Amino acid sequence: MATFDLELVSPEKLLLSRPVEMAIIPAAEGEMGVLPGMAPMIVALKGGVIRVQENGQTTERLFVLGGFAEITPTRVTVLADEATPVASLSRAAAAARVKEAEAAYDAAGSETPETREAAMDRLLAAREMAAAAEAA
Amino acid sequence: MANLKELRGRINSVKSTRKITQAMKMVAAAKLRRAQQQAEAARPYAERMARMLGALGQAVAGNPDAPKLLVGTGADQVHLLVVVTGDRGLAGPFNTNVSRFARARIRALESEGKTVKILTVGRKGASYLKREFASRVVGEVSFQGKKRVGFEDANEIATRVTAMLEAGEFDVCTLIYNRFRNVISQTPTGQQLIPAELPEAKAEAGDAQAWYEYEPDEATILAQLLPKNLAIQIYRALLENSAGFFGSQMNAMDNATRNAGDMINKLTLTYNRTRQANITRELIEIISGAEAL
């Protein structure tokens, strides 16, 4: 099957760089499956799990906490704010993060809509993380 | 001529100094390697970010309501200087070089009638600049007690700078830090952060680079990407700063160790000469005493 190069980088390191057949990425407006030959796009990401498929099977699952993806027909580059393989997510850390985000969201109750929305995004990302940790 | 006991004491104290500087050199070398690896690891992200930003920048260039982070406030009156230095001393000319560079920059700006504000990162630069420009320092950040700088630290500084920009507290932001050229040479550099200097989008052969689709849309993505770019630029400066710091410290400690060695040799020579002179003198005394009998 045709492949494209998938690169996943976080500010602290390069996590993944190899040809894959398909990747499912958590775009801001819904999950998105990427196959070779996609039209060039730049999308924002929300917190969620990137699934990499090779030979018709999911071979890798990585949790990202927001970021961007640049898609060209032959290459996909994901710039993640923070990325961790799902297997090494810790349930306790995720739960702590959810709690923190909930508190921040409550505190943002009287702020401008923008700050509230940002807090909401963070909370949703934290919940995704907890769910991914739970499933792993 | 110094007496023998005194000389012995000095030799011993120089010897223990040499032990300390040698140990510090080893530690700096180990930390340097780690800092360099960290800097290496951060490079791919920065490169990809620059590429994306280049593409996006073209898409919104000329747009009148482009975000402030990209185009600045349009004025050029208030300058914010973010000065990055080490937290500790004993690193040769490392901290002084950046601080001096910053001072020259501040002087130049003020002589043009601009207002200068300073945000210091690292304790050493803070104490240097505060002596002369205390009234211009608007904030200090230090990573003392931290093992290594992480991206969150850079992010924190970026958030602060962004907040100041939103509040209209400055027009132009420049980052001043030691660029890590190699282990023995670091050069103080000023890099303009806001308005952002856009990297040129390189047209890749065979790729229709210019025709991206955006989801949600250019403005939203750019609004998220720019603060991140700011953070990554600061992060890079922090990493270069820490790599440079250890490089410089390693050098300084190497020199100090060598100097201590020279000093020990010189002192030992004096010590032995004095000892010999003493023996000779005593012999003469004994012989002449015997002859007198």
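This is a short guided tour of two chains in a predicted model, with a suggestion at each stop for what to select.

**Stop 1: chain A, whole**

Start by selecting chain A and colouring it in two parts. Residues 4–86 make up domain 1, and residues 89–135 make up domain 2. If you place a marker at the C-alpha centre of each domain of chain A, the two markers will sit 22 Å apart. Where the domains of chain A touch, domain 1 contributes nine residues and domain 2 contributes seven residues. What kinds of residue does domain 1 of chain A bring to the side that touches domain 2? You will find four nonpolar, four polar and one charged.

**Stop 2: chain A, residues 4–83**

Now narrow the selection to residues 4–83 of chain A. An unreviewed UniProt entry annotates this stretch as "domain: ATP synthase F1 complex delta/epsilon subunit N-terminal". Switch to a cartoon view here: the span is 71% strand and 0% helix. Its end C-alpha atoms, in residues 4 and 83 of chain A, lie 21 Å apart.

**Stop 3: chain B, whole**

Hide chain A and bring up chain B. Count along the cartoon and you should reach six helices and six strands. Following the sequence, the order of elements in chain B is α-α-β-α-β-α-β-α-β-β-β-α. Why is chain B described as more spread out than a compact globule? Its radius of gyration is 28 Å, whereas the globule rule gives 19 Å for 293 residues, so chain B is well over that value.

Turn the view along the principal axes, and the C-alpha atoms of chain B fill a box of roughly 115 × 45 × 30 Å. Colouring by burial is worth a try too: 32% of the 293 residues of chain B count as buried. If you draw the contacts in chain B that have a separation of 6 or more, 79% of them come from residues 24 or more positions apart.

**Stop 4: B:Leu90**

Zoom in on the loop of chain B that runs between strand S1 (78–84) and helix H3 (94–111), and select B:Leu90. This residue is not a glycine, yet B:Leu90 has a positive phi of about 55°. Is B:Leu90 buried or exposed? The answer is in between: B:Leu90 counts as partly exposed because it has 15 C-beta neighbours inside 10 Å.

**Stop 5: B:Ile194 and B:Pro195**

Finish by moving on to the end of strand S5 (185–194) of chain B. The loop from there to strand S6 (213–215) holds B:Pro195. Show the backbone atoms of B:Ile194 and B:Pro195 as sticks: the peptide bond joining them is cis, with omega about -5°.

Terms used:
Residues numbered from 1 in each chain as written. Chains lettered and ligands numbered in written order. Predicted model: local features only at pLDDT ≥ 70, side-chain atom pairs only at ≥ 80, totals over all residues. Helix = DSSP H or I, 4+ residues; strand = E, 2+ residues; numbered from the N terminus. Buried ≥ 20, exposed ≤ 12 C-beta atoms within 10 Å, placed from the backbone. Domains from an automatic or database assignment. Contact = placed C-beta atoms within 7 Å. Nonpolar A, V, L, I, M, F, W, Y, C, P; charged D, E, K, R; others polar. UniProt positions renumbered as here; feature names shortened; annotations may be inferred. Rg over C-alpha atoms; globule rule 2.2 N^0.38 Å.
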